[in-house]
Amino acid sequence: MGRADHPIGSVSTDIAKDDLMGEQQDDDGIVLTEAQKRARRSRSVAIAFALAALVVLFYVMTLVKGPAVLIRPI
């Protein structure tokens with residue numbers, strides 16, 4: 001008697017046969033050049049280093065402040 005028993009309006013629950021079989025269509029989508037792939041990789045590495053630097057910064061600041069971070073006026 002739940003909502004899944006009876007689809008509402010024009011909502012279809014049929015799944016195409018190609019989707020079930022995992023067959024790819026002829027459309028390859030966007031194909032990146034080697035230069036674009038290198039640029040994407042270098043951006044990803046730069047973001048990873050920036051994130052790691054932030055993690056280290058927060059960790060070091062926590063160690064420097066020590067338990068004094070809990071002593072503060074309310």
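## An exposed residue and its patch

V64 is exposed, having a relative accessible area of 62%. The residue counts as exposed because its value lies over the 50% cut-off. This description rests on a predicted model. V64 lies in helix α2.

V64 also takes part in a nonpolar patch on the surface. The other members of this patch are V56, Y59, V60 and L63, and the patch covers about 520 Å².

## Overall structure

The protein has 74 residues, and buried residues make up 0% of them. Its accessible surface comes to about 7,800 Å². Carbon and sulfur atoms account for 63% of that surface.

The secondary structure consists of 2 helices and 0 strands. Helix α1 covers residues 17-21, and helix α2 covers residues 34-65.

## The span of helix α2

Does the length of helix α2 fall short of, or agree with, the span expected for its residues? Helix α2 has 32 residues, and at 1.5 Å a residue they should span 46 Å. The expected span is 1.5 Å times one less than the number of residues. The C-alpha atoms at the two ends of α2 are 47 Å apart, which agrees with the expected span.

Helix α2 is followed by G66. The phi angle of G66 is positive, near 60°.

## The salt bridge in helix α2

How many salt bridges does the count give? The count comes to 1 salt bridge. It joins the side chains of K37 and E34, with a distance of 3.8 Å from N to O. The pair qualifies because this distance is within the 4 Å cut-off for a salt bridge.

Both K37 and E34 lie in helix α2. They are 3 residues apart, which is about one turn of the helix.

Are these two residues buried or exposed? E34 counts as exposed, at 51% relative accessibility. K37 is partly exposed, with a relative accessible area of 43%. K37 falls in that class because its value is neither under 20% nor over 50%.

## The loop before helix α2

L32 is found in the loop between α1 and α2. L32 is partly exposed, with a relative accessible area of 24%.

Which residues does L32 touch, leaving aside residues up to four places away in sequence? L32 touches K37 and R40. K37 is thus both a contact of L32 and a partner of E34 in the salt bridge.

Methods. Residues numbered from 1 in each chain as written. Predicted model: local features only at pLDDT ≥ 70, side-chain atom pairs only at ≥ 80, totals over all residues. Heavy atoms only, no water. Helix = DSSP H or I, 4+ residues; strand = E, 2+ residues; numbered from the N terminus. Buried < 20%, exposed > 50% of the residue type's maximum accessible area, 1.4 Å probe, protein only. Patch = residues over 30% accessible without salt bridge, like charges linked within 9 Å, V, L, I, M, F, W, Y side chains within 5 Å. Areas by Shrake-Rupley, 256 points an atom, 1.4 Å probe, with all protein chains shown as cover. Contact = heavy atoms within 4.5 Å.
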